[in-house]
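Please open the model in your viewer and keep the selection tool at hand, since this tour moves from the whole chain to single residues. At each stop you will be told what to select and what is found there.

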Amino acid sequence: MAGEIIRTYDLTKRYGDLTAVDSLNLEIQPGEVFGLLGPNGAGKTTTILMLLGLTEPTAGRAEVCGLDPTREPLAVKRQVGYLPDNVGFYDELTGRQNLRYTAELNGLPREEAERRIEAALEQVGLTAVADRKVATYSRGMRQRLGLADVLLKQPRVAILDEPTLGLDPEAAQEFLVLIRRLSREGGMTVLLSSHLLNQVQAVCDRVGIFVAGRMIACGRIDELAAQVFAGEPLQVEVEVEPASEAVLSAIRQTPGVREAQPAAPGEGPAGRLRLLLDRDVRGEVVRRIVGAGGTVLHLQLRSHNLDEIYRRYFRGGDGDGAAAAAGVARPAG
C-alpha cells in the first residue's frame, strides 16, 4: 500500500462530558516505529482501541492498512498484532502450547502453525524455555511471549501498549532492542504507546506528544527540539589542550560565540570548556583554537533529549493548558 499505513482524520472519542481523544490527525508510514507519548489518562489507549476497531469513535475516522476499523474490524485484526499492557496467558500451559492455542484461534493449518511458532520463539529468544509452563516465566519472558504471539499473525502493523511496563531497566532495554530489530529486519510498522520518555527516545523514529486527548506535537526528536528551543543558543562542549588563556581568548573573540567558560570542577577533565553559540560556528572555533596553539581533543554539540522537550511543552501554553485540563501535574524541574 502506498502512503500512510495508519491515518486518522479528526478522530474523536467522548464519554459523556469527557473528551478522551480530541480531533486527532495522525499519519504513520510503513516500516516506521512511532511512539505515542503521554501521561496516564492522556488518551493513548483509547486511540489504540479505535485503531483496532474495539471501540467506535464519536466523530472522525481512521484508516489502518487501508481499512476502516469501525466498518471492517475483523479485516483490520488480520493485519494488525496487538500487545496490551497486561498480556494474559494460561499459566498451566507451556509457552509453546499457548502459541498453539493462538494459532488455532487464527485458523492456521497445523504445519504452518508449527513453522510460525518455531520462528516466533526464535525471534524473541524463548526457544530454550518454550516447553516450560508460563507460570514459571518472569515478567520479561511473558512480554517476549506476548510479542511472539503478535508475530504469529505475521502482521503488517504491531501495536504495543506500554510494552515495558513492570520490566526492570535491563529487561526493558532488551525488549526495545528486539522491537527495533524486528521492525528493521521485517519491515513491520510499530506503534508504541508509553509514558517512559527515555525508552521512547531509544527506539522510535518519530514521536507524538499526547496530553488531555490532544496531540500537541509530532515529529522526529531533533525536529521537536529545533521547534521548542528555537532562538536559544547552541550548547557546545569542547576539550582543548592546553586550555591556556590565549586559547580561551581566541574562542571568546570568535564571532557567534556568546560565552565560553571552563567546566566546573568535577564536570570533566582539565581543558573541558562550555560554549554558548548564537549560530553554528564550530568550524571557526576549531580554526581559532589551532591558530592560538591549541589542539581540539573533543567537540560535541549538545542535543536536547525527549525529557527536556516534554518538560518544555508542559511549561508552554499548550502543554500547561493541556496538563491542567487532564488534571496532571507538570513535570518537576
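The tour below begins with the whole chain and then goes on to a pocket, a helix, a strand and a few individual residues.

**The whole chain**

Keep in mind from the start that this is a predicted model. Select the entire protein chain and display it as a cartoon, in which you can look for twelve helices and 14 strands. If you turn the C-alpha trace along its principal axes, the span comes to about 75 × 50 × 40 Å. Next, colour the chain by burial: of the 333 residues in the protein chain, 46% are buried. When contacts with a separation of 6 or more are counted, 69% of them are between residues 24 or more positions apart.

Now switch to a surface view, where the accessible surface of the protein chain amounts to about 16100 Å², with 48% of this area belonging to carbon and sulfur atoms. Colouring the side chains by charge brings out 39 positive and 44 negative ones, and the centres of these two sets lie 1 Å apart.

**The largest pocket**

Which residues are the closest to the centre of the largest pocket? The pocket itself has a volume of about 510 Å³, and 21 residues line it, of which Tyr82, Thr102, Leu105, Asn106 and Asp149 are the closest to its centre. To see the secondary structure around these residues, select strand S6 (80-83), helix H3 (95-105) and helix H5 (139-151), which are the elements that each give two or more residues to the lining.

**Helix H1 and isoleucine 48**

Move on to helix H1, residues 44-51, which is mostly covered, as six of its eight residues are buried. The buried residues of H1 are Lys44, Thr46, Thr47, Ile48, Met50 and Leu51. Just after the helix, select glycine 53, which takes a positive phi of about 75°.

Go back into helix H1 and select isoleucine 48. Is this residue buried or exposed? Isoleucine 48 has a relative accessible area of 0%, and is therefore buried. If you leave out residues up to four places away in sequence, isoleucine 48 touches Tyr82, Ile159, Asp161 and Ser193. Tyr82 was also a stop at the pocket, being one of the residues closest to its centre. With Asp161, it is worth setting the two kinds of distance side by side, for isoleucine 48 and aspartate 161 are 113 residues apart in sequence and 8.0 Å apart in space, C-alpha to C-alpha.

**Strand S8 and leucine 192**

Select strand S8, residues 189-194, and within it pick out leucine 192. Because its relative accessibility is 3%, leucine 192 counts as buried. Apart from its neighbours within four places in sequence, leucine 192 is in contact with Phe34, Gly35, Leu36, Leu160, Pro163, Leu176, Ile179, Val200 and Val203. For a distance to draw in the viewer, take leucine 192 and leucine 74, which are 118 residues apart in sequence and 21 Å apart in space, C-alpha to C-alpha.

**Helix H6 and glutamate 170**

Now turn to helix H6, residues 169-186, and select glutamate 170. With a relative accessibility of 58%, glutamate 170 counts as exposed. Drawing a line from the C-alpha of glutamate 170 to that of threonine 58 gives 40 Å in space, while the two residues are 112 positions apart in sequence.

**Backbone details**

The last stops concern the backbone, where most residues other than glycine have a negative phi and most peptide bonds are trans. Select serine 23 in strand S2, residues 18-24, and note that its phi is near 50°, a positive value in a residue other than glycine. Serine 23 is partly exposed, with a relative accessible area of 36%.

Then select glutamine 154 in the loop between H5 and strand S7 (157-161), where phi is likewise positive, near 50°. Glutamine 154 is partly exposed, with a relative accessible area of 47%.

Finally, select glutamate 241 and proline 242, which are joined by a cis peptide bond with omega of about -5°. Proline 242 is found in the loop between strand S11 (234-241) and helix H9 (245-252).

Definitions and conventions
Residues are numbered from 1 along each chain as its sequence is written. This is a predicted model: local features need pLDDT of at least 70, side-chain atom pairs count only at pLDDT 80 or more; totals for chains, interfaces and linings use all residues. Side-chain values use heavy atoms; hydrogens and water are left out. Helices (H or I, at least four residues) and strands (E, at least two) are DSSP runs, numbered from the N terminus. Buried means under 20% relative accessible area, exposed over 50%, partly exposed in between (1.4 Å probe, protein chains only). Contact means heavy atoms within 4.5 Å. Accessible areas come from the Shrake-Rupley method with a 1.4 Å probe; for residues, only the protein chains shown count as cover. Lys and Arg count as positive and Asp and Glu as negative; His and the chain ends are not counted. The place of a charge is taken as NZ of Lys, CZ of Arg, CG of Asp or CD of Glu. On a 1 Å grid over the protein atoms alone, a cavity is a set of points where a 1.4 Å probe fits but cannot get out, and a pocket is an open set with protein on both sides within 12 Å along at least five of seven lines; lining residues have an atom within 4 Å of a point. Grid points are joined across faces, edges and corners, and a volume is the space filled by probe spheres set on the points.
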